[in-house]
Amino acid sequence: MLKVGLTGGIAAGKSVVGEMFMALGARLIQADQISHQLIQPGQLVHQEVVRHFGQAILNPDQTVNRPKLAEAAFSGRIQELNQIVHPAVLQKQKEWMADIGRKNPQAIAIVEAALILEAGSAKDFDRLVVVTCRPEQRIQRWIQRMNVDEEAARREVTRRMAAQLPDEEKIKAADYVIDNSGSLDETQKQVHQIYAQLKQKAEA
């Protein structure tokens, strides 16, 4: 089995690329989905997040209000949040990849995560794919995704990028780079080429 990390900066288009890989036959899990499950009420991570960040981040039904948590974390406490959530997320990723490998030894198992390099988890993967795009595109994509105005998008993208390694550093660490600045067709071509190489390695 081939373990692949799929990463890139905020709003680079990781999820779109991930869907393209899945359409070709890869298995994929998103670190964001895992962390979402881990901060549900009753989970140990939920208790720790509330202990550190207080009741103010909770909705009336005790679920975590993610925008409020982001607001609290990105005001200088992102490392604190990552130290609570990351170890549990990394453990779940490893369990998922091991499970895929047991079921299909020739599978391509992809973990889509924004902070693979920042969390020091690149060593868990056989190959690393980095998705990039132009800085201005990130802001436009964030506007569309979150339905906010340009000023709010620029502020949020800048704030989140400050907590991530710059693209130049990510590209240095990558085995493959997908430039998602052009059309979806252009991105798809790159995905097809990389998938063919990954498949060869997985089946070797």
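**Aromatic pairing and positive phi angles**

The structure holds 1 aromatic pair. Its partners are F21 and Y195, and the geometry is tilted. The ring centres lie 6.4 Å apart, and the planes meet at 45°. That angle is neither under 30 degrees nor over 60, so the pair is classed as tilted. The model is a predicted one.

The pair joins distant parts of the chain. F21 belongs to helix α1, which covers residues 14–24. Y195 belongs to helix α9, which covers residues 184–203. The two positions are 174 residues apart. Both rings belong to buried residues. F21 has a relative accessible area of 1%. For Y195 the value is 9%. Each residue counts as buried because the cut-off is a relative accessible area under 20%.

Backbone angles were examined next. Most residues other than glycine have a negative phi. A11 has a positive phi, near 60°, and is not a glycine. A11 sits in the loop between strand β1 (2–8) and helix α1. A11 is buried, at 2% relative accessibility.

N147 also has a positive phi near 60° and is likewise not a glycine. N147 lies in the loop that runs between α6 (135–146) and α7 (150–161). Its relative accessibility is 70%, so N147 counts as exposed, the threshold being over 50%. The two loop residues thus fall into opposite classes: A11 is buried, whereas N147 is exposed.

Definitions and conventions
Residues numbered from 1 in each chain as written. Predicted model: local features only at pLDDT ≥ 70, side-chain atom pairs only at ≥ 80, totals over all residues. Heavy atoms only, no water. Phe/Tyr/Trp six-rings, centres within 6.5 Å; stacked < 30°, edge-to-face > 60°. Helix = DSSP H or I, 4+ residues; strand = E, 2+ residues; numbered from the N terminus. Buried < 20%, exposed > 50% of the residue type's maximum accessible area, 1.4 Å probe, protein only.
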